[in-house]
Amino acid sequence: MQNRTYARCLSLIFALIVAIACGISALAAQEGTPTLPEPSEQFYILDEAQVLSESTVQTILTKNEELYAQYGVQIVVLTVRDLQNRDIQSYASDIYKAWEIGGADEKGLLLVLDIAGDNYFTVAGAGLRENMTSTALQAMLNQNLEPDFAAKNYDAGVVKFFNAAAQRAELFVSSQTPAPTVPAPSDSPTSDPTTMPTDTAQKETESLDSNLPQGLFIFASVLAGGVAVFAIVMFVYNRTRQGDRR
């Protein structure tokens with residue numbers, strides 16, 4: 001009878017440890033995985049943080065229509081209120097792929113602003129990589145966006161960066177062999193979602209967060225503690241059985 005009681009206690013303790021570990025891991029993973037927004041009807045601009053003026057929005061839309069019609073280039077701007085400490089690099093890359101920016105030829109550029117996080121990040125597609133290298137993007141950000149961004153004049157910084165990027169992309173693509181016409185963003189099959197963008201740049205003063213989900217660390221810690229508790233209980237149980245046999 002005593003052995004059965006010990007066995008039941010051990011089973012209950014182990015089941016409780018596993019349940020707690022799985023619950024904490026699932027909760028942490030849910031908190032650390034952002035829900036990606038859908039692109040706006042205009043596609044080229046989604047101002048969730050509401051920091052851009054109507055004039056800037058129109059500039060982005062008008063120039064993009066011209067770039068897309070002539071060269072298949074898409075330069076998208078996304079502002080968010082708060083990423084809540086989520087990794088802006090992974091977030092921007094996920095947006096780039098999910099929205100299929102730049103079409104099948106990946107002639108796309110994405111600028112993401114995290115207002116509460118005081119950070120920004122750019123992602124350039126493979127079709128612009130010769131011209132939009134990480135070094136070139138960082139220089140453009142430092143010159144056109146960073147001064148106004150630091151002063152919280154987001155609208156001015158965005159329009160300066162956009163104009164500089166549009167001019168650079170247009171000069172580069174127009175010098176290349178004309179590419180086949182790509183369909184409109186709303187009804188086009190575009191880039192392979194498994195293809196990662198080639199070049200990125202971000203606010204220099206911000207360090208990248210770890211790409212490893214926080215939930216994995218929590219799960220590992222709880223699991224390790226559970227294994228230790230289980231081992232102790234098993235040790236006590238075995239010693240007790242030995243005592244009973246004597």
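This report describes the overall fold of a predicted protein model and then turns to its aromatic pairs, one bent helix and several individual residues.

**Overall layout**

The protein contains six helices and five strands, and, read from the N terminus on, these elements follow one another in the order α-β-α-β-α-β-β-α-α-β-α. Of the 246 residues in the protein, 41% are buried. The accessible surface of the protein amounts to about 13,500 Å², and carbon and sulfur atoms account for 54% of that area. When contacts between residues at least 6 apart in sequence are considered, 75% of them join residues that are at least 24 apart.

**Aromatic pairs**

Four aromatic pairs are found when the whole structure is searched. One of them is formed by phenylalanine 43 and tryptophan 99, whose ring centres are 6.4 Å apart and whose planes stand at 50° to each other, an arrangement that counts as tilted. This pair links distant parts of the chain, since phenylalanine 43 belongs to the loop between helix H1 (2-32) and strand S1 (45-47), while tryptophan 99 belongs to helix H3 (residues 88-99), and the two residues are 56 residues apart. Phenylalanine 43 and tryptophan 99 are both buried. Another pair joins phenylalanine 149 and tyrosine 154, and because their planes meet at 70°, with ring centres 5.2 Å apart, this pair is edge-to-face. Phenylalanine 149 and tyrosine 154 are likewise buried. Ring pairs also bring Phe43, Tyr44 and Trp99 together as a cluster.

**Helix H4 and what follows it**

How far apart are the end C-alpha atoms of helix H4 (residues 134-150)? They are only 21 Å apart, although the helix has 17 residues and a straight helix would reach 24 Å at 1.5 Å a residue. Helix H4 also bends by about 45°, and the bend is at asparagine 142. The buried residues of H4 include Ala136, Leu137, Met140, Leu141, Leu145 and Phe149, together with Gln138, Asn144, Glu146 and Asp148.

Aspartate 148, which lies in helix H4, has a relative accessibility of 12% and therefore counts as buried. Apart from its neighbours within four places in sequence, aspartate 148 is in contact with Asn153, Tyr154, Ala156, Gly157 and Lys160. Just after H4 comes lysine 152, with a positive phi of about 65°, and this residue is placed in the loop between H4 and helix H5 (154-174).

**Asparagine 64 and arginine 81**

Asparagine 64 is part of helix H2 (residues 54-71). Is this residue buried or exposed? Asparagine 64 has a relative accessibility of 0%, so it counts as buried. A polar atom of the side chain of asparagine 64 lies 3.0 Å from the backbone oxygen of isoleucine 60. If residues up to four places away in sequence are left out, asparagine 64 touches Tyr44, Val73, Gln74, Ile75 and Phe162. Asparagine 64 and alanine 166 are 102 residues apart along the chain, and their C-alpha atoms are separated by 8.2 Å.

Arginine 81 is located in the loop between strand S2 (74-80) and H3. Its C-alpha atom is 4.5 Å from that of alanine 49, a residue 32 residues apart from arginine 81 in sequence. Not counting residues up to four places away in sequence, arginine 81 touches Glu48, Ala49 and Gln50 as well as Asp114, Ile115 and Ala116.

**Two loop residues with positive phi**

Asparagine 85 has a positive phi although it is not a glycine, and the same description applies to lysine 152. The table sets out the phi, the place and the relative accessibility of each.

| Residue | Phi | Place | Relative accessibility |
|---|---|---|---|
| Asparagine 85 | about 65° | loop between S2 and H3 | 73% |
| Lysine 152 | about 65° | loop between H4 and helix H5 (154-174) | 56% |

Why does asparagine 85 count as exposed? Its relative accessibility is 73%, and exposed means over 50% relative accessible area. Lysine 152 counts as exposed because its relative accessibility is 56%.

Conventions: Residues are numbered from 1 along each chain as its sequence is written. This is a predicted model: local features need pLDDT of at least 70, side-chain atom pairs count only at pLDDT 80 or more; totals for chains, interfaces and linings use all residues. Side-chain values use heavy atoms; hydrogens and water are left out. Helices (H or I, at least four residues) and strands (E, at least two) are DSSP runs, numbered from the N terminus. Buried means under 20% relative accessible area, exposed over 50%, partly exposed in between (1.4 Å probe, protein chains only). Contact means heavy atoms within 4.5 Å. Accessible areas come from the Shrake-Rupley method with a 1.4 Å probe; for residues, only the protein chains shown count as cover. Rings of Phe, Tyr and Trp (its six-membered ring) pair if their centres lie within 6.5 Å; planes under 30 degrees apart count as stacked, over 60 as edge-to-face and the rest as tilted. The expected span of a helix is 1.5 Å times one less than its number of residues. The bend at a residue is the angle between axes fitted to the seven residues ending there and the seven starting there. A polar contact is a pair of N or O atoms within 3.5 Å; within protein, one must be able to donate a hydrogen and the other to accept it, and residues adjacent in sequence count only if both atoms are side-chain atoms.
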